[in-house]
Amino acid sequence: MSGINYDLTKIRGFAFDVDGVLSPSTIPMSEHGEPMRMVNIKDGYAMQLAAKLGYHIAIITGGKTESVRYRYEALGISDIYLGASHKIGIFREWMQSRGLTPEETVYMGDDIPDLRCMHEAGLACAPADACHEARAAATYVSRFNGGYGCGRDIIEQVLRARGDWMKDDNAFGW
């Protein structure tokens, strides 16, 4: 049973920021100044499972590193928006293109650039270590920090509420 004050059975789509949500807030830099993000395997498992089950997933990030695209495409996610300096327009276009209403959508963000999307989504979520404004805007604040399982946290709770968690053979493989 979820402690989230929202009807999770309505959710059909998830949108995630990357830096500070699907990767930790501290990012090592290569010798050429390119960000080298860490990712969480449990987040990845939940994301690929949700994608296989037909949930819509978007990655909306201000980052421009192609390794981000590669990572999430490998998980079966095709809606990847890099270099999103203003995210709200992209978020709205993504929902419309996938036939989603705000009430059917989760947005998880951790900082000021995410606030407008968080206000638009039916269920706004934030990692435990999000900035004050993002935590205040969130209906649900995960107990996990960004990059340490907060994506898995919300996906698992939604899939459990909808009866999709470990419901068939999709759950037991990549």
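1. Let's start at the surface, with Arg143. At 67% relative accessibility this residue counts as exposed, because the cut-off for that word is over 50%. Arg143 sits in the loop between β6 (140-141) and α6. Leaving aside residues up to four places away in sequence, Arg143 touches Ala128 and Asp153. Its C-alpha atom is also 6.9 Å from that of Pro127, although 16 residues along the chain separate the two. Please keep in mind throughout that this is a predicted model.

2. Now compare Arg98, another arginine in a loop. You will find Arg98 between α3 (87-97) and β4 (105-108). With 32% relative accessibility, Arg98 counts as partly exposed, since that class lies between under 20% for buried and over 50% for exposed. Which residues does Arg98 touch, not counting those up to four places away in sequence? They are Arg12, His56, Ser78 and Asp79. For His56, the C-alpha atoms are 7.3 Å apart, while the distance along the chain is 42 residues.

3. Next, step back to the whole fold. The chain contains six helices and six strands. Reading from the N terminus, the order of these elements is β-α-β-α-β-α-β-α-β-α-β-α. It is worth tracing that pattern in the structure with your finger.

4. How does the overall size look? The chain has a radius of gyration of 15 Å, which agrees with the value near 16 Å for a compact globule of 174 residues. Along the principal axes, the C-alpha atoms fill a box of roughly 45 × 35 × 30 Å. Buried residues make up 50% of the 174 residues. Among contacts with a separation of 6 or more, 56% join residues 24 or more positions apart.

5. The inside deserves a good look. In soluble globular proteins, nonpolar side chains tend to be buried together. Here the largest nonpolar core has 34 residues, and the members touching the most others are Phe14, Phe16, Met47, Ile59 and Ile154. At least two residues of this core come from each of β1 (13-16), α1, β2 (56-60), α2, β4, β5 (123-126) and α6 (150-161). A separate core of 21 residues lies apart from it, with Ala84, Ala121, Ala137 and Ala138 among its members.

6. Ile154 makes a nice example to click on. Setting aside residues up to four places away in sequence, Ile154 touches Ile4, Phe14, Phe16, Val106, Met108, Leu123, Cys125 and Tyr140. Two of the names in that list, Phe14 and Phe16, also appear with Ile154 among the core residues that touch the most other members.

7. How many cavities of 30 Å³ or more does a search of the whole structure find? There is one, with a volume of about 30 Å³. Its lining consists of Leu22, Val39, Asn40, Asp43, Gly44, Met47, Arg71 and Tyr72. Two elements, α1 (41-52) and α2 (66-74), give two or more residues to this lining, and α1 has the largest share with three. By type, the lining residues divide into four nonpolar, two polar and two charged.

8. Finally, here is a backbone detail to check. Most residues other than glycine have a negative phi. Met166, however, has a positive phi near 55 degrees. You can find Met166 in the segment after α6.

Definitions and conventions
Residues are numbered from 1 along each chain as its sequence is written. This is a predicted model: local features need pLDDT of at least 70, side-chain atom pairs count only at pLDDT 80 or more; totals for chains, interfaces and linings use all residues. Side-chain values use heavy atoms; hydrogens and water are left out. On a 1 Å grid over the protein atoms alone, a cavity is a set of points where a 1.4 Å probe fits but cannot get out, and a pocket is an open set with protein on both sides within 12 Å along at least five of seven lines; lining residues have an atom within 4 Å of a point. Grid points are joined across faces, edges and corners, and a volume is the space filled by probe spheres set on the points. Helices (H or I, at least four residues) and strands (E, at least two) are DSSP runs, numbered from the N terminus. Ala, Val, Leu, Ile, Met, Phe, Trp, Tyr, Cys and Pro count as nonpolar, Asp, Glu, Lys and Arg as charged, and the others, Gly among them, as polar. Buried means under 20% relative accessible area, exposed over 50%, partly exposed in between (1.4 Å probe, protein chains only). Contact means heavy atoms within 4.5 Å. A nonpolar core is a set of buried Ala, Val, Leu, Ile, Met, Phe, Trp, Tyr and Cys residues joined through side-chain atoms within 4.5 Å. The radius of gyration is taken over C-alpha atoms; the globule rule is 2.2 Å times the number of residues to the power 0.38.
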